Each structure stands twice: as structure tokens, then as C-alpha cells.
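This report is a first guide for a reader who has not met this structure before. Please keep the sequence and the three-dimensional view at hand while reading.

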Amino acid sequence: MSKPEPTARTYAQRYCAHYGIPLERFTDHLLKRSLHAPLRWGWPVLAPFLKSHFAIDRQCVQIIGGFHSKRQLSEELIEFSYHPTNRNFWRRVAGQRISTHRVRRALRSLPE
């Protein structure tokens, strides 16, 4: 099994280079893009009031940013899906959390 090369760029580095944003904005940018609708549309207004509600989502995106491989990404998103925080009505039924499908899609098309 081959290990990622030390010079391989992380998802965060590739994402930020692709969108032309500073590395510090990776978490917020991907978090906003990967939320389920309609929260995604109202995020610019609601974000300051919902910071604690999305702490686990933010943590997941930060962790993913340091990964190099699809396997690591997949494992983290599966773990996120089963996190106890995601069991309440608003997150499980109403979908007011990040969409693992949208995260995968956003990162799948990044250039190496």
C-alpha cells in the first residue's frame, strides 16, 4: 500500500488554490457550500447566531482539510454521519447540517 507523498497537497490547499481563497477561509467556505438547503441560502445572515450549533460540522470540515486521500475523507464523513450530535430532529430529519454528499462532490473535482 502506498503512502501519500509528503509533498502531496492537502484537500484544503487544493480547494483554496482552485477557488483562489486564502487557506484561513477554507473551513468557512466549504462549510457554507456543503450545507443542506434552505440553510445554505440563509447562512450569511444566520451564521453568527448558529456557531455553537455547527461546531461539529466545522470540526469535521477542518479535519478533512488536512487529509490527502479519498479513503481518509470517506472514513471521516462516515464517522461524522454517526456522530451523536446528528441524532436530533433538526439535524437528522430537517437536514440542518453539512451534506456529506455535497462535501464529497466539492472535493472530488479538485485538480491534483
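The text that follows goes from the overall make-up to the core, then to one helix, and last to pairs of side chains.

## Overall make-up

What is shown here is a predicted model, and the values in this report are computed from it. The protein contains seven helices and zero strands, so that the order of elements, read from the N terminus, is α-α-α-α-α-α-α. Of its 112 residues, 38% count as buried. Among the contacts with a separation of 6 or more, 62% are accounted for by residues 24 or more positions apart in the sequence.

## The nonpolar core

In soluble globular proteins, nonpolar side chains tend to be buried together. The largest nonpolar core in this model has 23 residues, and within this core Ile64, Ile98 and Leu107 touch the most other members. At least two residues of the core come from each of H1, H2, H4, H5 and helix H7 (100-108).

Ile64 can serve as an example of the surroundings of one such residue. When residues up to four places away in sequence are not counted, Ile64 touches Tyr11, Leu73, Glu76, Leu77, Val103 and Leu107. Three of these names, Leu73, Glu76 and Leu77, return below, since they are among the buried residues of H5.

## Helix H5 and its two sides

Helix H5 covers residues 70-81. Its twelve residues, at 1.5 Å a residue, should span 16 Å, and because the C-alpha atoms at its ends are 16 Å apart, the model agrees with that expectation.

Which residues of H5 are buried? They are Leu73, Glu76, Leu77 and Phe80. Viewed down the axis of H5, the buried residues fall within an arc of 95°, and therefore they line one face of the helix. An α-helix has 3.6 residues a turn, so residues three or four places apart point the same way. On the face of H5 that is turned away from the buried side, the exposed residues Arg71 and Glu79 are found.

## Salt bridges

Side chains of opposite charge can pair when their charged atoms come close. How many salt bridges does a search of the whole structure find? The search finds two, and they are set out in the table.

| Salt bridge | Closest N to O distance |
|---|---|
| Arg58 and Asp28 | 2.4 Å |
| Glu75 and Arg71 | 3.2 Å |

The salt bridge between Arg58 and Asp28 links distant parts of the chain, with Arg58 in helix H4 (residues 55-65) and Asp28 in helix H2 (residues 26-34), 30 residues apart. Arg58 counts as partly exposed because its relative accessibility is 22%, and Asp28, at 42%, likewise counts as partly exposed.

The other salt bridge, between Glu75 and Arg71, lies inside a single helix: the two residues are four apart in H5, which means that they are separated by about one helical turn. Glu75 is partly exposed, with a relative accessible area of 43%, whereas Arg71, at 53% relative accessibility, counts as exposed.

Beside Asp28 in the sequence stands Thr27, which is also found in helix H2. Thr27 counts as buried, because its relative accessibility is 11%. Leaving aside neighbours within four places in sequence, Thr27 is in contact with Arg58, Val61 and Gln62, and Arg58 is thus a partner both in this contact and in the salt bridge to Asp28.

## Aromatic pairs

A pair of aromatic rings is described by the distance of the centres and the angle of the planes. Across the whole structure, a search finds two aromatic pairs. In the pair of Tyr15 and Tyr19, the ring centres are 4.7 Å apart and the planes stand at 45°, so this pair is tilted. Both residues belong to helix H1 (residues 11-19), where, being four residues apart, they are separated by about one helical turn. Tyr15 is buried, with a relative accessible area of 0%, while Tyr19 is partly exposed, at 33%.

Tyr15 also forms an aromatic pair with Phe26, which is edge-to-face, with 5.4 Å from centre to centre and 85° between the planes. Because Tyr15 lies in helix H1 and Phe26 in helix H2, this pair ties together parts that are eleven residues apart in sequence. Phe26 counts as buried, at 3% relative accessibility. Through these ring pairs, Tyr15, Tyr19 and Phe26 are linked into a cluster.

Notes
Residues are numbered from 1 along each chain as its sequence is written. This is a predicted model: local features need pLDDT of at least 70, side-chain atom pairs count only at pLDDT 80 or more; totals for chains, interfaces and linings use all residues. Side-chain values use heavy atoms; hydrogens and water are left out. A salt bridge is a side-chain nitrogen of Lys or Arg within 4 Å of a carboxyl oxygen of Asp or Glu. Buried means under 20% relative accessible area, exposed over 50%, partly exposed in between (1.4 Å probe, protein chains only). Rings of Phe, Tyr and Trp (its six-membered ring) pair if their centres lie within 6.5 Å; planes under 30 degrees apart count as stacked, over 60 as edge-to-face and the rest as tilted. A nonpolar core is a set of buried Ala, Val, Leu, Ile, Met, Phe, Trp, Tyr and Cys residues joined through side-chain atoms within 4.5 Å. Contact means heavy atoms within 4.5 Å. The expected span of a helix is 1.5 Å times one less than its number of residues. The arc is that of the directions from the helix axis to the C-beta atoms.
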